[in-house]
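Me: Please take a close look at one part of this model. What does it pack against, and which way do its residues face? Then add what a search for internal space turns up.

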2 protein chains.
Amino acid sequence: MKIAILGGTGPQGKGLALRFAAAGVDVVLGSRDGARAEEIAQELNGLQPDVSGVISGTDNSAATSAADELVILAVPFSAHNATLEAIKPDLAGKVLVDIVVPLADGDPKALNMPPEGSATEAAQALLGEEIPVVGALHNVSATTLNNLEHSINCDILVCGNDLAAKEKVIDLINMLDIKAYNAGPAVNARCIEAITPILIRLNISKKVPFSHAGVKIWAPDH
Amino acid sequence: MKIAILGGTGPQGKGLALRFAAAGVDVVLGSRDGARAEEIAQELNGLQPDVSGVISGTDNSAATSAADELVILAVPFSAHNATLEAIKPDLAGKVLVDIVVPLADGDPKALNMPPEGSATEAAQALLGEEIPVVGALHNVSATTLNNLEHSINCDILVCGNDLAAKEKVIDLINMLDIKAYNAGPAVNARCIEAITPILIRLNISKKVPFSHAGVKIWAPDH
């Protein structure tokens with residue numbers, strides 16, 4: 001299995017690449033600068049030489065084409081729509097997994113949602129209904145992802161309008177030993193993306209005795 | 001300490017009344033029908049005769065006046081604005097704790113947010129800045145609240161524009177042995193209220209092996 005991670009040279013993308021490679025998935029990092037992606041890929045492979053998945057790097061378009069089916073978009077929100085416009089022709093037959101959170105410029109405790117309501121909805125509007133968009137992996141800490149000795153303290157709320165695509169993404173996430181839930185249609189990304197700045201607020205707060213908080217769906221004891 | 005719970009004859013209101021009375025807080029249930037509130041109050045007192053807090057019942061306006069400071073609004077969203085209009089004169093000097101989630105008519109897995117963005121923001125707009133509104137307790141299961149043998153599997157995300165008011169509400173919630181977090185300004189109610197229909201979706205789902213789900217802020221193991 002081979003997936004692409006666009007914006008794969010950022011902290012979230014690198015952490016996901018390491019985790020998926022450790023789970024036996026081949027990962028193609030994409031970047032505007034393909035040489036830079038290749039360099040980062042070699043660094044990441046060097047961090048864990050004995051894992052089964054191979055990390056490679058190239059430009060965003062080639063990375064998208066190289067993916068079997070699942071293409072994770074992990075760019076900053078400022079590059080969200082431009083990246084999607086650029087790779088749209090390469091996405092035919094694939095699923096776009098949007099993990100982008102539209103944080104406000106200069107204040108990661110606040111949002112600057114696009115007119116469509118959320119990044120996931122903006123992606124779906126831009127790509128059209130033939131390319132399913134699944135929102136996922138918004139709330140997991142990049143620090144924790146990159147810290148392979150630690151398990152991931154975050155359940156994943158997965159949303160989108162195409163059930164089959166969501167189920168593929170849930171299966172992929174389950175490979176990381178993370179629980180993932182079908183959290184409904186794409187409109188629910190307005191909530192799920194918005195959890196991230198609340199977690200960032202708690203991470204910064206002096207009243208909360210930890211950072212890198214995640215969110216968990218908590219079963220009752222009855 | 002005496003608090004009011006308006007819409008206190010519904011499942012969320014009754015459960016909160018039982019929990020707060022068990023924690024030693026006097027509770028005045030409010031309802032449009034004061035006699036009905038009094039009747040429910042006596043029923044609830046009968047359920048746990050040896051607790052220290054007393055539950056009484058009256059109409060919404062008298063209940064608001066009777067509260068020391070904190071007035072919890074637990075009516076269905078269809079009655080949200082009308083109830084606030086009716087009690088606004090009684091709220092001077094008090095804090096309105098809004099626990100209402102604007103669920104869509106006929107579909108508890110979906111929202112019908114008011115033009116202000118959330119119930120909490122609608123309440124703050126309606127009451128004006130002199131009466132602080134705090135959003136809280138949106139995501140906790142009424143069934144679990146009413147089931148006193150069980151601990152509450154839900155952290156509480158508290159939001160609002162008045163820090164002192166939020167801290168009072170956090171202190172109140174802590175009396176129930178529930179963790180409560182300052183989750184930022186009132187605008188964050190758009191996210192926090194929206195978690196509830198996602199939990200309802202999971203509760204209904206055949207793929208999720210439990211119902212009455214809550215949400216937890218999950219500390220990392222590092």
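Reply: The buried residues of helix 4 of chain B pack against strand 1 (2-6), helix 3 (60-66), strand 4 (70-73), strand 5 (95-98) and helix 5 (119-127) of chain B. Contact means heavy atoms within 4.5 Å. Helices (H or I, at least four residues) and strands (E, at least two) are DSSP runs, numbered from the N terminus. The model is predicted: local features need pLDDT of at least 70, side-chain atom pairs count only at pLDDT 80 or more, and totals for chains, interfaces and linings use all residues. Residues are numbered from 1 along each chain as its sequence is written, chains are lettered from A and ligands numbered from 1 in the order in which they are written, and side-chain values use heavy atoms, without hydrogens and water.

Helix 4 of chain B spans residues 80-87, and its buried residues (under 20% relative accessible area, 1.4 Å probe, protein chains only) are B:His80, B:Thr83, B:Leu84 and B:Ile87. They lie on the same side of helix 4 of chain B because they cover an arc of only 100° around the axis. That arc is taken from the directions from the helix axis to the C-beta atoms. An α-helix has 3.6 residues a turn, so residues three or four places apart point the same way. The face turned away from the buried side of helix 4 of chain B carries B:Ala82, B:Glu85 and B:Ala86, which are exposed (over 50%).

Now the internal space. A search of the whole structure finds two cavities of 30 Å³ or more. In a cavity, on a 1 Å grid over the protein atoms alone, a 1.4 Å probe fits but cannot get out.

Technical notes:
On a 1 Å grid over the protein atoms alone, a cavity is a set of points where a 1.4 Å probe fits but cannot get out, and a pocket is an open set with protein on both sides within 12 Å along at least five of seven lines; lining residues have an atom within 4 Å of a point. Grid points are joined across faces, edges and corners, and a volume is the space filled by probe spheres set on the points.
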